[in-house]
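Work through the exercises below with the sequence and the 3D view open. Try each task before you read its solution.

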Amino acid sequence: MPELKFLLLTHQPHLSPSTSRPKEVWKKGGRLFSILLAVHLVLLACTLVSSGAFEKIAVHDYDVFFLLTVMMLIVIIWIFFYLVGTSKRQNAILYKDSHAGPVWLRGGLVMFAIFSLVMDVFKIGYYSSFENCQIAIKIIYPVVQAIFVIIQTYFLWISAKHCVQVHLDVTRCGLMLTLTTNLAVWMSAVTDESVHKSHSKFNSTTEQSAALIMKAGKSSSADICQCKTQICEIFQNGYFWLYPFNIEYSLFASAMVYVMWKNVGRLIDDHAHLVHRLKFRLFRRTFFVGIVLGLIVLVSGLGVLIVYEVQVNTHSNDEKKNQALVMYYIFNIVCLSLMSAVCIGGSIVYRFDKRDMDRHKNPTRTLDVALLMGAALGQYAISYYSIVAVVASTSRDTKSALNLTYSLLMIAQHTFQNIFIVEGLHRQPPEERHKTSSHRKDLYGLTFVNINTISLRIPDGGSVLGSSTPPNTEAIQASDDVQSIRMPKKVNWRSKALREISLFLLLSNIILWIMPAFGARPQFDNKQELDFYGKPMWSAIVDICLPFGIFYRMHAVASLLEVYITS
């Protein structure tokens with residue numbers, strides 16, 4: 001055994017017995033210290049953000065802005081230190097995790113970053129409209145946030161795959177501080193957006209909201225500022241509509257930073273497990289059934305959302321609102337039923353799939369599964385609360401029946417979809433078997449001359465394939481590999497079915513993300529749960545759980561895209 005360990009160490013290109021052990025001695029201690037730092041900062045940020053959301057607590061929004069601004073400035077300084085002092089150092093990045101930071105995840109991060117920058121511009125324009133009654137921190141905060149988004153996006157684009165081997169403890173603490181800052185920005189955005197939605201639902205005019213704040217004793221010079229120009233109102237409405245993109249950006253960045261933190265000090269060889277690098281080829285080897293059905297659901301959902309927003313928010317007639325709610329519930333029931341059936345079908349297809357399970361260590365996949373399971377709990381909670389309210393209440397009308405069916409199907413669809421996605425993420429792609437055979441053929445020394453002429457050099461004095469000398473066992477196996485290369489690669493029905501299912505689920509999750517993210521709140525418009533639990537309790541349940549449900553949909557889109565590519 002000692003000789004085996006020495007041989008394994010000597011085969012590592014950049015490691016030696018003297019350099020590998022000290023880096024791993026304090027691995028658990030360094031991780032523990034960075035985790036404790038992150039926990040304390042998250043609790044501090046959560047305390048301030050939640051306190052600022054309540055009307056009777058003397059914590060103002062500019063107190064939260066000041067804390068977030070300081071945290072973002074510290075992270076910006078650390079990112080410069082990492083880019084200049086750590087990543088440029090010799091032997092700093094010996095390994096890269098090919099599973100981390102795939103191109104579609106980084107592309108999504110850039111897309112959300114662009115919308116976040118537009119939101120910051122709208123915020124700057126909105127707060128700059130009040131010269132006499134706004135505090136300076138409210139203008140400084142969006143400026144610093146825009147700089148933070150630009151620098152962090154560049155940092156994650158070039159460093160998402162890094163397995164850092166120097167300054168381990170400092171890097172872990174810096175990454176955890178970055179993760180904590182993104183979570184704090186996420187909490188602040190979610191709270192601000194939820195308070196805005198709650199006030200718009202429960203108060204018909206802006207003056208009533210301002211009067212409510214002043215009555216609660218939290219009025220200040222910043223609170224009583226109101227838009228008096230059309231440009232100011234455009235800026236105000238614009239940055240509230242862009243909040244969902246900023247929320248998703250913070251969560252995407254947090255997930256990528258966490259994977260980087262897990263890879264600090266990690267000794268990984270890209271070729272040890274034949275890590276696959278798949279090419280993204282959309283709509284190839286498909287029957288277009290999934291994309292067509294998905295587009296139908298997407299377009300129909302956008303139409304339902306527009307009609308719902310117009311009838312619920314602009315009409316005071318209860319009959320119009322009830323019609324909008326019935327339409328919303330019917331669309332979601334049909335959509336969730338189709339998605340549940342498709343997920344069950346996909347799980348059945350996996351039973352006939354001959355691909356092996358990928359059991360290699362993969363922090364990215366572990367995080368994806370954990371986020372899917374954890375984020376689904378938010379929608380589970382809302383659905384179960386709704387079921388209890390509907391069953392225990394005395395009303396038995398059509399709207400109650402649709403609400404009950406909608407809640408039950410929401411639970412079923414999350415469950416079946418999680419099963420389908422998790423099983424797809426743990427399957428090896430078809431290209432894996434092809435690359436494995438190619439790796440074996442390299443051992444025999446294949447040399448390709450052209451498509452019809454292939455010469456094979458057999459080690460240990462063997463003869464050339466096709467000569468008069470009888471080939472040995474290795475030559476026979478190699479000739480089979482040559483024939484497998486020359487045979488055209490076919491895609492079986494299982495792969496096509498999984499691609500169709502993934503595309504349909506991907507587009508369906510997009511519309512189910514758009515609806516709640518951009519204002520559809522049947523939990524408040526349907527008075528049944530609100531009357532059963534009361535405004536304070538039900539508002540707290542929805543404001544806490546709904547952001548996790550919204551994040552689940554977008555994270556499911558990213559996971560389904562990976563399942564589509566690996567199918």
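The exercises go from the whole chain to single residues and ring pairs.

This is a predicted model, in which local features need pLDDT of at least 70, side-chain atom pairs count only at pLDDT 80 or more, and totals for chains, interfaces and linings use all residues. Residues are numbered from 1 along each chain as its sequence is written, and side-chain values use heavy atoms, with hydrogens and water left out.

**Exercise 1. Describe the protein chain as a whole.**

Step 1. Count the secondary structure. The protein chain has 20 helices and four strands. Helices (H or I, at least four residues) and strands (E, at least two) are DSSP runs, numbered from the N terminus.

Step 2. Look at burial. Of the 567 residues in the protein chain, 50% count as buried. Buried means under 20% relative accessible area, exposed means over 50%, and partly exposed lies in between (1.4 Å probe, protein chains only).

Step 3. Look at the surface. The accessible surface comes to about 27700 Å², and 66% of that belongs to carbon and sulfur atoms. Accessible areas come from the Shrake-Rupley method with a 1.4 Å probe; for residues, only the protein chains shown count as cover.

Step 4. Check the range of the contacts. Take contacts between residues at least 6 apart in sequence: 87% of them join residues at least 24 apart. Contact means heavy atoms within 4.5 Å.

**Exercise 2. Place Ser 34 and list what it touches.**

Step 1. Find the element. Ser 34 is in helix H3 (residues 27-53).

Step 2. Decide on burial. Ser 34 has a relative accessible area of 0%, so it is buried.

Step 3. List the partners. Beyond its neighbours within four places in sequence, Ser 34 contacts Arg 172, Cys 173, Met 176 and Trp 261.

Step 4. Compare sequence and space. Ser 34 and Gly 174 are 140 residues apart in sequence, yet their C-alpha atoms are 8.3 Å apart.

**Exercise 3. Work out the surroundings of Gln 417 and His 414 in helix H14.**

Step 1. Locate both. Gln 417 is in helix H14 (residues 398-425). His 414 is in helix H14 too.

Step 2. Decide on burial. Gln 417 counts as buried because its relative accessibility is 0%. His 414 is at 1%, so it counts as buried.

Step 3. Find the polar contacts. The side chain of Gln 417 makes one with the side chain of Asn 509, at 2.8 Å. The side chain of His 414 reaches the backbone oxygen of Met 410 at 2.8 Å. A polar contact is a pair of N or O atoms within 3.5 Å; within protein, one must be able to donate a hydrogen and the other to accept it, and residues adjacent in sequence count only if both atoms are side-chain atoms.

Step 4. Compare the partners beyond four places in sequence. The contacts of Gln 417 include Tyr 552 and Arg 553. His 414 contacts Ala 376, Gln 379, Tyr 380, Tyr 552 and Arg 553.

**Exercise 4. Classify the aromatic pairs.**

Step 1. Set the rule. Rings of Phe, Tyr and Trp (its six-membered ring) pair if their centres lie within 6.5 Å; planes under 30 degrees apart count as stacked, over 60 as edge-to-face and the rest as tilted.

Step 2. Count. This rule gives 29 aromatic pairs.

Step 3. Take Phe 112 and Trp 513. The pair is edge-to-face, at 6.4 Å centre to centre with 65° between the planes. Phe 112 lies in helix H5 (residues 103-128) and Trp 513 in helix H17 (residues 493-517), so the pair ties together parts 401 residues apart in sequence. Phe 112 is buried at 1% relative accessibility. Trp 513 is buried at 6%.

Step 4. Take Tyr 239 and Phe 240. Their ring centres are 4.6 Å apart and their planes are at 25°, so the pair is stacked.

Step 5. Find the cluster. Phe 112, Phe 115, Trp 241, Phe 245, Phe 252, Trp 513 and Phe 518 form one aromatic cluster.

**Exercise 5. Examine His 167.**

Step 1. Place the residue. His 167 lies in the loop between strand E2 (162-164) and helix H7 (168-202).

Step 2. Check the backbone. His 167 is not a glycine, but has a positive phi of about 50°.

Step 3. Buried, exposed or partly exposed? His 167 counts as partly exposed because its relative accessibility is 29%.
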